[in-house]
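Me: Please take a close look at one pocket in this model, the second in order of volume, and then follow its surroundings into the packed interior and the less usual parts of the backbone. I would like one connected account.

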Amino acid sequence: MDLITTTPELAAACARLAKHPVITVDTEFLRETTYYPLLCVVQMASAEEAVVIDTLAQGLDLKPFFELMADEKVLKVFHAARQDIEIVWHQSGTIPHPIFDTQVAAMVLGYGDSIAYDQLVERICGHRPDKTHRFTDWSRRPLSAEQMHYAVSDVTHLREVFAALDADLKKRGRSEWVSEEMEVLTSPKTYDFHPERAWERLKTRVRKPKELAVLMEVAAWREQEAQSRDVPRSRVLKDDAVGDIATHAPTSLERLANLRSLPKGFDRSKWGADIVAAVQRGLARDPASLPKIDKPRGNSNGAAIVELLKVLLRMTSERHAVASKIIATVDDLEQIAADDSADVGALRGWRRELFGEAALGLKHGRLALAIDKGRVIRVDRA
């Protein structure tokens, strides 16, 4: 197979692929040392051919590829599409659409939580792909024949996987479930990495408005610094250090130096003064302008309710052969336990029909859980 390295070759290949209603797509990239992923290779396949694109080839214009990704007449099939979509979004400002994510479809069909591509291929196609080159350095040139074979096999196996999953979804009446998930996956909001929202991605729990304000400012500073230097966030400041700074709010370099989560001497770096300034900005914020901090509702049975909801979730997952992770997360369950109108996926769309209504029913005693012949069963109560 020839490697596509010129814009005319790419335009011709994309024109051929655009004639098909469905194509499969995968990317190879590096992001261990950068903030933005470095796109190295793109592989695509139709029912008739497979192509490999050297995205690092000198003078190559990826515009034909981006136009194909935006072509509404062509369904683009990915596995675990989020990072692939993020790359296209960052480089072109467009999001591939329409798409089909085989990992999401597999979760909807009960293949387990976030099943890996090679495992899915093995279960559907009967053979396990060679993943020797999964962690290879895709930025090195020239690409080897083995790397080319690996890249092509990813998208050719994906054709079989898609056909099998699509047929099963239609048979079980769950195609719309996947379509709902694809709308979220292709929403620009999903890839909105504005620094002022960086704090939302942190798992750090803050209890006071002051801590939240500092967290927001320090997280925003870290995001801007990582973006401007094109380095991973952790190279600037690790998550636990951001949380530590939010909790202690050091307003001087001396206080910053006392935080054990920061490397020794960090306070004397040029970033030390930046962090202290971010802390001071946070402390100066008007508490009324901050998002509300979710507080426990004072329900002493809250933890027990969550545990019961976990049992109901597992039962629902097993009964309907749907991965529990795609129905509801633990955070969803905690929010449902605290608020009947919680803004969570489990209380919207197909998830509400499958699980959400029953979860609210269990919470309010309209249904119960019991053990019958060694199995947990649902008991509807009048």
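Reply: In this predicted model, the lining of the second largest pocket draws at least two residues from each of three elements, namely α13 (302–320), α16 (349–363) and β7 (375–380). Among these, α13 gives the most to that lining, with 8 residues. The space in the second largest pocket comes to about 320 Å³, and it is lined by 14 residues, of which Met-315, Thr-316, Arg-319, Val-376 and Ile-377 are the closest to the centre. By residue class, the lining of this pocket divides into 7 nonpolar, 2 polar and 5 charged residues.

From the pocket one can pass to the nonpolar interior. The largest nonpolar core has 76 residues, and those with the most contacts inside it are Met-44, Phe-65, Ile-326, Ile-327 and Phe-355. Helix α16 supplies the largest share of this core, 7 residues, and α16 is also one of the elements that supply at least two residues of the pocket lining. Ile-327 gives a view of the packing here: with neighbours within four places in sequence left aside, it is in contact with Leu-313, Thr-316, Ser-317, Val-322, Asp-332, Ala-346, Trp-350, Arg-351, Leu-354 and Phe-355. One of these contacts, Thr-316, is among the residues closest to the centre of the second largest pocket, while another, Phe-355, is itself among the residues with the most contacts inside the core. A second, separate core of 33 residues includes Ala-219, Val-231, Leu-262 and Val-279.

The aromatic residues add a further layer to this picture, with 7 aromatic pairs in the structure. Phe-65 and Phe-66 form a tilted pair, with 5.6 Å from centre to centre and 50° between the planes. Phe-65 counts as buried because its relative accessibility is 1%, under the 20% cut-off, and Phe-66, at 13% relative accessibility, counts as buried too. For Phe-100 and Phe-162, the ring centres are 4.9 Å apart and the planes stand at 85°, so this pair is edge-to-face. Because Phe-100 lies in strand β5 (residues 99–101) and Phe-162 in helix α6 (residues 145–171), the pair ties together parts that are 62 residues apart in sequence. Phe-100 is buried at 7% relative accessibility, and Phe-162 is buried with a relative accessible area of 11%. Elsewhere, Trp-221, Phe-266 and Trp-271 form one aromatic cluster.

The backbone has some features of its own. A cis peptide bond, with omega about -10°, joins His-97 and Pro-98, and Pro-98 lies in the loop between α3 (82–92) and β5, the strand that holds Phe-100. Another cis bond runs from Arg-141 to Pro-142, with omega near 5°, and Pro-142 is placed in the loop between α5 (117–125) and α6, the helix that holds Phe-162.

Positive phi values in residues other than glycine come next. Asp-230 has phi near 50° and sits in the loop between α8 (209–229) and α9 (233–236), where its relative accessible area of 30% makes it partly exposed. Ala-249, which is not a glycine either, has a positive phi of about 45° and is found in the loop between α10 (239–248) and α11 (253–257). Unlike the partly exposed Asp-230, Ala-249 is buried, with a relative accessible area of 7%.

Terms used:
Residues numbered from 1 in each chain as written. Predicted model: local features only at pLDDT ≥ 70, side-chain atom pairs only at ≥ 80, totals over all residues. Heavy atoms only, no water. 1 Å grid on protein atoms, 1.4 Å probe; cavity = no way out; pocket = protein on both sides within 12 Å on 5 of 7 lines; lining within 4 Å. Points joined across faces, edges and corners; volume = space filled by probe spheres on them. Helix = DSSP H or I, 4+ residues; strand = E, 2+ residues; numbered from the N terminus. Nonpolar A, V, L, I, M, F, W, Y, C, P; charged D, E, K, R; others polar. Core = buried A, V, L, I, M, F, W, Y, C linked by side-chain atoms within 4.5 Å. Buried < 20%, exposed > 50% of the residue type's maximum accessible area, 1.4 Å probe, protein only. Contact = heavy atoms within 4.5 Å. Phe/Tyr/Trp six-rings, centres within 6.5 Å; stacked < 30°, edge-to-face > 60°.
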